[in-house]
Amino acid sequence: MSTFTYSHSDQDLVDQPVGYWSSAAGAAVVHHIRTMLAEMGLTQPQWWILNQLMAAPDGRPRDEVVAVLKGYLETGEGALHHNIDALHDRGLITEDPAGRIALTEEGRALRARVAERQKAVRAEIHEGITDEDYVRTLKVLQRMIHNVGGSAWHH
């Protein structure tokens, strides 16, 4: 990896726009994650769906999974239903007549492989960042969201 240097001095960073930097960070991280997922044969919404089903060996209602995930990165219900159908078509999940979806053994195996790769990606993203700095950054961003009357929440 190349050597990292900050864009501005600490004195100049104070005047930098948080909207720009938080958006740039989000776009770069999401792109990096989506690239890895594409290499593993998944979209990001499909990864989220597999994770929602991992903790439910007997499956979950499709509508419940969609309700939990529809606000993630403004994905929306239609895209989630499409991704659930795509996972089903690939034999990674099953769906019963009542709309309950569950992982197949193949789906569990893929989810496990991707989870291992995700650990490496997280380490890349967090390189040179302490857990304390990471937590502080999230708290600062959450406070800024609150300060402007926004709302954000993640599972």
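Colleague: Which side chain meets that of Asp85 in a salt bridge?

Modeller: The general idea comes first. Side chains of opposite charge can pair when their charged atoms come close. In this structure, which is a predicted model, the partner of Asp85 is Arg62, with 2.6 Å from N to O. Asp85 belongs to helix 5 (residues 77-89) and Arg62 to helix 4 (residues 62-69), so the salt bridge ties together parts that are 23 residues apart in sequence.

Colleague: Which residue, besides Asp85, is linked with Arg62 in a network of salt bridges?

Modeller: The network consists of Arg62, Asp85 and Glu95. Glu95 forms its salt bridge with Arg62 at 2.8 Å between the closest N and O atoms. This pair links distant parts of the chain, since Glu95 is in strand 2 (residues 93-95) and Arg62 is in helix 4, 33 residues apart.

Colleague: Is Arg62 buried or exposed?

Modeller: To read such a value, recall that a residue under 20% relative accessible area is called buried. Arg62 has 11% relative accessibility and therefore counts as buried. Its two partners fall into the intermediate class: Asp85 is partly exposed at 35%, and Glu95 is partly exposed at 30%.

Colleague: How many salt bridges does the structure hold, and which residue pairs with Arg60?

Modeller: The structure holds five salt bridges. One of them joins Arg60 to Glu64, whose closest N and O atoms are 2.6 Å apart. Arg60 is buried, at a relative accessible area of 15%, whereas Glu64 is partly exposed at 37%.

Colleague: How many positive and negative side chains does the chain have?

Modeller: A charge census has two parts, the counts and the placement of the charges. Here there are 15 positive and 21 negative side chains, and the centres of these two sets lie 4 Å apart.

Colleague: Which residues are in contact with Gln46, its neighbours within four places in sequence left aside?

Modeller: For a polar side chain, one may read location, burial and contacts in turn. Gln46 lies in helix 3 (residues 44-54). With a relative accessible area of 6%, Gln46 is buried. Beyond those sequence neighbours, Gln46 is in contact with Gly41, Asn83, Ala86, Leu87 and Arg90.

Colleague: Which residues make the nonpolar surface patch?

Modeller: The patch covers about 580 Å² and is made by Val18, Ile129, Tyr134, Val135, Leu138, Val140, Leu141 and Met144. Helix 7 (residues 131-147) supplies the largest share, namely six residues. Met144 is placed in helix 7, and at 34% relative accessibility Met144 counts as partly exposed.

Colleague: What fraction of the accessible surface of the chain belongs to carbon and sulfur atoms?

Modeller: The fraction is 55%, out of a total accessible surface of about 10,500 Å². A companion value concerns burial: buried residues make up 26% of the 155 residues in the chain.

Colleague: How many helices and strands make up the secondary structure, and in what order do the elements run?

Modeller: The chain has seven helices and three strands. Read from the N terminus, their order is α-α-α-β-α-α-β-β-α-α.

Colleague: What box do the C-alpha atoms fill, and what share of contacts joins residues at least 24 apart?

Modeller: Along the principal axes, the C-alpha atoms fill a box of roughly 60 × 40 × 25 Å. As for contacts, those between residues at least 6 apart in sequence form the reference set, and 56% of them join residues at least 24 apart.

Definitions and conventions
Residues numbered from 1 in each chain as written. Predicted model: local features only at pLDDT ≥ 70, side-chain atom pairs only at ≥ 80, totals over all residues. Heavy atoms only, no water. Helix = DSSP H or I, 4+ residues; strand = E, 2+ residues; numbered from the N terminus. Buried < 20%, exposed > 50% of the residue type's maximum accessible area, 1.4 Å probe, protein only. Contact = heavy atoms within 4.5 Å. Areas by Shrake-Rupley, 256 points an atom, 1.4 Å probe, with all protein chains shown as cover. Lys, Arg positive; Asp, Glu negative; His and termini not counted. Charge placed at Lys NZ, Arg CZ, Asp CG, Glu CD. Patch = residues over 30% accessible without salt bridge, like charges linked within 9 Å, V, L, I, M, F, W, Y side chains within 5 Å. Salt bridge = Lys/Arg side-chain N within 4 Å of Asp/Glu carboxyl O.
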